[in-house]
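Morning, everyone. I have one structure to go through, so please look at it while I talk.

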Amino acid sequence: MELLAEVVAWFDDPATWTGPNGIPARMLEHVLLSGACVVAAIAVAVPIGLLIGHTGRGALLAVSVANIGRGLPSYALLLMLFPFFGIGFPTAFAALLLLTIPPILTNTYVGVRDVDRDAVEAGRGMGMSERGLLRGVELPLAMPVIVAGIRIAAIQVVATATLAALVGGGGLGRYIVDGFALRDEGQIVGGAILVAGLAIVTEWSLGLVERRVVPPGVRGGEPTGPSVLELVPESPRPAGSA
């Protein structure tokens, strides 16, 4: 109960909501950093994933590099990049970008490679170019997997951006870092609540985006036409049967 009272008192303090260290300012820093990383990762990873998924060339190298990126600890990556970019936004951005690219790249590649080959060959049989095939057949069918990768990356970067405060990158992680320095448990928990809340809002928002951008005919679990049973003609009944 004492910890809960400290958290409530921290949120109730007017100083928590004003100035450059106030919640609105820190929230904006966190959102801008996370959003910039996700947009940059999409710009890099989606075209590469589409290309290697469509052609199959360079798949082993790209996926291996992506898997290495997944395995790098966030804190270690920040420390590795710190000597090159110094204190502030650039180091945090570079580290988070390297952590955001792998899930988007992997999901884009897998989404394209898992497209029904019969649909692809049907498109080729209709005389579609390779570019038209990618844009008109493979990309729409792979969209659910691609968007899922973007959602995973966005939630991951929102949570990991908390570490940006360690290199002067700002954001909501500042409350946690400062809370440990001041031994202010209310501030630590308050910062964690804000990060968790932002992650939940990110998940919910991208869920809405997914429903907007994914064609209804390729959404998982939604009926897109007659069922298999409706497409199977009835077997002729034997003569004399009721």
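**Cavities, a ring cluster and a helix**

The largest cavity is lined by Ser-74, Leu-78, Ala-92, Ala-95, Leu-96, Leu-99, Thr-160, Ala-161, Leu-163 and Ala-164. Before going on, note that this is a predicted model.

Which elements give two or more residues to that lining? They are α4, residues 74-85, and α5, residues 89-113. Of these, α5 gives the most, with 4 residues. Sorted by class, the lining of the largest cavity has 8 nonpolar residues, 2 polar ones and no charged ones. The space inside is about 40 Å³.

How many cavities of 30 Å³ or more are there? The count is 2. The second largest has a volume of about 30 Å³, and its lining consists of Leu-96, Leu-99, Thr-100, Ala-153, Gln-156, Val-157 and Thr-160. Here α5 and α7, residues 130-160, each supply at least two residues. The largest share, 4 residues, comes from α7. By class, this second lining has 4 nonpolar and 3 polar residues, and again no charged ones. If you compare the two lists, Leu-96, Leu-99 and Thr-160 appear in both.

Now the aromatic rings. Searching the whole structure gives 3 aromatic pairs. One of them is Trp-10 with Phe-11: the ring centres are 5.0 Å apart and the planes sit at 75 degrees, so this pair is edge-to-face. The cut-off behind that word is an angle over 60 degrees.

Are these two residues buried or partly exposed? Trp-10 is buried, with a relative accessible area of 10%, while Phe-11 is partly exposed, at 24%. The dividing value is 20%, and buried means under it.

Trp-10 also pairs with Tyr-175, with ring centres 5.1 Å apart and planes at 75 degrees, so that pair is edge-to-face too. This pair links distant parts of the chain, since Trp-10 is in helix α1, residues 2-12, and Tyr-175 is in helix α8, residues 173-182, which puts them 165 residues apart. Tyr-175 has 1% relative accessibility and counts as buried. Together, Trp-10, Phe-11 and Tyr-175 form one aromatic cluster.

Last, helix α2. This helix covers residues 23-55, which is 33 residues. From first C-alpha to last, α2 reaches 47 Å, close to the 48 Å expected at 1.5 Å a residue. Where is the kink in α2 centred? The kink is centred on Ile-42 and is about 25 degrees. Just after the helix comes Gly-56, with a positive phi of about 80 degrees.

That is all from me.

Terms used
Residues numbered from 1 in each chain as written. Predicted model: local features only at pLDDT ≥ 70, side-chain atom pairs only at ≥ 80, totals over all residues. Heavy atoms only, no water. Expected span 1.5 Å × (residues − 1). Bend = angle between axes of the 7 residues up to and from the residue. Phe/Tyr/Trp six-rings, centres within 6.5 Å; stacked < 30°, edge-to-face > 60°. Buried < 20%, exposed > 50% of the residue type's maximum accessible area, 1.4 Å probe, protein only. 1 Å grid on protein atoms, 1.4 Å probe; cavity = no way out; pocket = protein on both sides within 12 Å on 5 of 7 lines; lining within 4 Å. Points joined across faces, edges and corners; volume = space filled by probe spheres on them. Nonpolar A, V, L, I, M, F, W, Y, C, P; charged D, E, K, R; others polar.
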